[in-house]
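Student: Please take a close look at one single part of this structure, and then follow it outward to whatever surrounds it. I would like the cut-offs behind each term spelled out as you go.

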Amino acid sequence: MKRPNIAVFLILMFMSGTLSGCLGEDGLDLIPEKKGIPGGLTLACLRSSMYTSMVIEIDHEPGYRPFSSSTDLLVERLESVCDKPSGISVDFNEVNFDHDGSWSAQDVRDKGWDAKDTSPRDGTTLYWQILFPAGTYDTDSVLGVAVDASTVALFSDSIDEADGPFGRPSVEDVENSVLVHEVGHLLGLVNLVYESPIDHEDDEHPGHSNNDDSVMYWAIESADVANFIFGSLPSDFDDADRSDLAGLADGSLPIRDQLWS
Ligand SMILES: [Zn+2]
């Protein structure tokens with residue numbers, strides 16, 4: 001009775017050898033890592049069972065480094081919702097994207113993955129990436145986009161022109177809010193990978209909040225935001241957003257499209 005067991009064992013050995021070969025450098029092109037949808041790494045952030053630390057990789061073109069208030073605020077917001085006992089840090093890289101013309105979502109995805117320091121899921125660390133490229137999005141009224149489970153871009157050339165009259169809100173205010181907003185999409189807000197029991201998704205703007213006190217309000221990533229919100233912009237999640245995130249974290253709210261399970 002031992003012979004069949006040995007055969008099975010040898011076959012397993014052979015298969016695992018083949019698999020590790022596929023995951024080598026050459027294999028990455030043959031079996032590309034799944035990029036997922038915005039919200040595909042929500043549980044990876046909210047919970048600490050797989051990833052105990054998190055790095056925000058900022059890839060900016062020369063002259064496009066974000067305000068430190070933006071990245072400080074982002075870390076503060078993430079720390080308030082994600083369980084990362086080993087901490088959340090920010091890693092800045094200066095990158096030349098060498099991109100001509102406007103950016104499409106696919107451009108952001110392609111150039112983003114070329115520039116990533118590592119896989120979004122590396123050991124026990126979760127990596128989310130923010131691009132700050134030169135130039136504008138295809139639709140130049142768009143200030144930021146979330147293109148997959150780990151990649152967002154902010155378009156500073158458009159943000160620079162989205163401040164309000166007399167600088168209220170200022171360019172810095174707009175950048176602060178747009179950054180938290182786009183990363184809010186990576187957290188699955190609003191209804192990207194779940195169905196909220198609270199009616200706070202805007203009917204005309206799917207994936208966005210109908211509350212102009214939430215950073216997930218639909219107008220936040222739009223160049224004419226200063227026409228919709230006078231004075232100070234929201235830069236935090238509201239009670240409904242936080243209730244959704246708490247329900248996803250503790251499992252009481254079902255979630256779909258997760259990359260890690
Ligand atoms: Zn949005």
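**Helix α5 and its surroundings**

Tutor: On the other side of helix α5 from its buried residues, Q106 and D114 are exposed. Here a residue is exposed if 12 or fewer other C-beta atoms lie within 10 Å of its own, buried if there are 20 or more, and partly exposed in between, with C-beta atoms placed from the backbone. Helices (H or I, at least four residues) and strands (E, at least two) are DSSP runs, numbered from the N terminus. This is a predicted model, in which local features need pLDDT of at least 70 and side-chain atom pairs count only at pLDDT 80 or more, whereas totals for chains, interfaces and linings use all residues. Residue numbers start from 1 along each chain as its sequence is written.

Helix α5 covers residues 105-115, and within it D107, V108 and G112 are buried. Seen down the axis of α5, these buried residues fall within an arc of 120°, so they line one face of the helix; the arc is that of the directions from the helix axis to the C-beta atoms. The cover over the buried residues of α5 includes the strands β4 (125-132), β5 (144-146) and β6 (151-154).

Each of two of these strands is worth following in turn. A146 lies in β5, and its C-alpha is 9.0 Å from that of V108, although the two residues are 38 apart in sequence. A146 counts as buried because 26 C-beta neighbours lie inside 10 Å. Setting aside residues up to four places away in sequence, A146 touches P38, V152, E182, H185 and L186, where two residues are in contact if their C-beta atoms, placed from the backbone, lie within 7 Å.

Strand β4 leads to β1 (residues 53-60), which runs parallel to β4 and is joined to it by 8 bridges; two strands pair if DSSP finds at least two bridges between them. In this pairing, I58 stands opposite I130 in β4. Strand β1 is mostly covered, with 6 of its 8 residues buried, and 7 further-listed bridges join β1 to the parallel strand β2 (residues 88-94), where V90 faces I56.

The nonpolar core brings several of these names together. A nonpolar core is a set of buried Ala, Val, Leu, Ile, Met, Phe, Trp, Tyr and Cys residues joined through C-beta atoms within 7 Å. The largest one has 59 residues, and those with the most contacts inside it are C45, L126, V152, A153, L154, V183 and L186. Leaving out its neighbours within four places in sequence, L126 is in contact with L41, A44, C45, Y51, M54, P120 and R121.

The loop between β2 and α5 holds D98, a residue other than glycine whose phi is positive, near 50°. D98 counts as exposed because it has 8 C-beta neighbours inside 10 Å.

Helix α9 can be set beside α5. It spans residues 239-250, has 12 residues and reaches 16 Å from its first C-alpha to its last, close to the 16 Å expected at 1.5 Å a residue, the expected span being 1.5 Å times one less than the number of residues. In α9, A240, D241, D244, L245 and L248 are buried, and because they fall within an arc of 135° seen down the axis, they line one face of the helix. The face turned away from that buried side carries the exposed residues D239 and D250, while the cover over the buried residues includes α3 (42-46) and α4 (68-81).

For the protein as a whole, there are 9 helices and 6 strands, and buried residues make up 40% of the 261 residues. Among contacts with a separation of 6 or more, 69% are between residues 24 or more positions apart. As to confidence, pLDDT is the predictor's confidence in each residue, from 0 to 100; its mean is 90, and 88% of the residues reach 70 or more. Over residues 8-28, however, pLDDT stays under 50, and the model has 4 contacts beyond four places in sequence for them.
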